[in-house]
Amino acid sequence: MLVTDARVRAAYAEGAGIYRILPAAVAIPESQDDVVTLVRQAAESHVALIPRGAGSGMPGGNVGNGVIVDLSTGFSDLVVDPHSRSARAGASVTWAEVNDAAKPYGLRLPPDPSSGAFATSGGMVATNAAGPRTVRYGSVRGWVEALEVVEADGRVRTVRRGEGSGERFTLTPDTRHLISDRFPRTRKNSSGYALDRFAQTGDEVDLLVGSEGTLAIVTEVHWSLDPIPPDIAGAALGFADLETMTEAVLYLVSLKPSALELLDESLLQFVPEAPRVACLLLVEFERETGAAARGVVGDAVRGLKHSVIHVQTAVNRAGLEQLWSVRRLASPALARLPPTQRSLQVIEDGCVPLAALGTYIAGLRAAADRRGIPVAIFGHAGDGHVHVNALPDTTRDGWREAIQGLFDDVTDLLLRLGGVPSGEHGVGRLRAGILERFYGADVMQLFREVKRAYDPLSILNPGVIIPATDWSPVAALKVGAGAAAIPEDIATRLREVERSAAWATPKLELAH
């Protein structure tokens, strides 16, 4: 199904991030054969294809001026095998659907993106998605057993873990040394092709995960599942300053938490129920017994008794749900911003070494103050991974230049601290042009060689990871005088989808 109707194209012009780019057309395949046909036609006519799931991705990898390939509905097969602790999920199947199907067997997919209610299997693989529990269980890459893909020449393959590096791209001893020398040492990284992991494992699966639809189109994912831990407990811990918080994070990580989240005062101010602290850590411990879970919470509180200024504990799932409600209340609060103020995800995914966490947050605050842009800061403290919502007044003169300046300032800050620009959301279009600053020209050349090996015609998501020649992080914004014109009713509906996180809404509904 290929649609060129102007209203439908408008409905697909935005994702969850900052961009509005009208596609040339929208394709809604219903089978793998449809995808094969589409890819072969695109190769013949040199038309760009932009694979897309729910559209909840932040950095612009799900929008573009070619043909949007909507994989959010036609690939919904799901089979759970409790004996092998695995699930086969079509690209359209969400994280929530996988876990709902696995739960009766006492199983789950542990990485838990906060977008899990609508994040599709294909989308999670594309960005190497992660979430709060990544501090213990890693990102989704480690839970992918196999991928069914359509390659840029229309060939269909099943790429299985343990079956080697494939025929497309291989590493030499020199390139292995280069990768070891140049890749950052952060706990999380979704910034470009995972050549470091590929070098370690020799598994082609690891190269395809996190490739953001630039190497192949994923139509099915084979997930590995894990038993649901029997017991859980946790605590909310408030701190008066960032230095004390950072020391606490290093201690808490040593206790092997299943989640360790950060809410900065810049976000807490939007939640009336939140404690008045400089920063709040929410820590969760999953253990085999209730006594063990309660015991480690006690260890955490005792170990930090001289540094915390707020403590609240929970010893069961119900109590923990209540404890974490402050985090859930933050997003709706941001959605209630005045119409002149927009939440823009421009610097929203940086990750730094754990010891640099407080320095990074202080630097973020300072850069935002310098540019006159309010921000809301939160993230996954246990991984040194910070999300930032920039909240500019888009009626103010110079706001776009201020956003560009903030982007540049934070890029410089991440470089100084040995960080990466994306911990879990991917590079997209937003960050493609700065990758060379983090990796150097030689690694960037390796990235280009990977792209050419899999997609020599560059028809799969061009401009993502490998930057376009006219790259600019703040071009094609969805707000401001320069935004692409779309019907006003569709713009309003897209805004409501964004405000209410209703990304599961079929985009065709927005056009009718």
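A residue counts as buried here when its relative accessible area is under 20%. Every view below comes from a predicted model.

**View 1. Helix H17 and its buried face.** H17 takes in residues 441-454. Its 14 residues reach 20 Å from the first C-alpha to the last, close to the 20 Å expected at 1.5 Å a residue. Look for Val443, Met444, Leu446, Phe447, Val450, Lys451 and Tyr454: these are the buried ones, and yes, a lysine is on the list. Sight down the axis of H17 and its buried residues fall within an arc of 150°, so they line one face of the helix. The general rule is handy here: an α-helix has 3.6 residues a turn, so residues three or four places apart point the same way.

**View 2. What sits over the buried residues of H17.** The cover includes two strands, S8 and S9. Helices join in too, among them H6 (173-182), H7 (195-201), H8 (204-208) and H16 (435-439).

**View 3. The open sheet.** Five strands run in the order S5-S6-S10-S8-S9, with antiparallel pairing. S5 (78-81) and S9 (156-160) each have a single partner strand, so one side of each is left without a neighbour in the sheet. From one strand to the next, the twist averages 15°.

**View 4. The S5 edge, up close.** S5 pairs with S6 (residues 86-90) in the antiparallel sense, over 4 bridges. Pick out Asp81 and you'll find its bridge partner in S6, Ser86.

**View 5. Helix H2 on the strands.** H2 (residues 32-45) lies across S8 (144-151), S9 and S10 (216-224). Against S8, H2 runs at about 45°.

Note on methods: Residues numbered from 1 in each chain as written. Predicted model: local features only at pLDDT ≥ 70, side-chain atom pairs only at ≥ 80, totals over all residues. Heavy atoms only, no water. Pairing = 2+ DSSP bridges. Axes fitted to C-alpha atoms, helices over the stretch in contact; angles between N-to-C directions. Contact = heavy atoms within 4.5 Å. Expected span 1.5 Å × (residues − 1). Buried < 20%, exposed > 50% of the residue type's maximum accessible area, 1.4 Å probe, protein only. Arc of directions from axis to C-beta.
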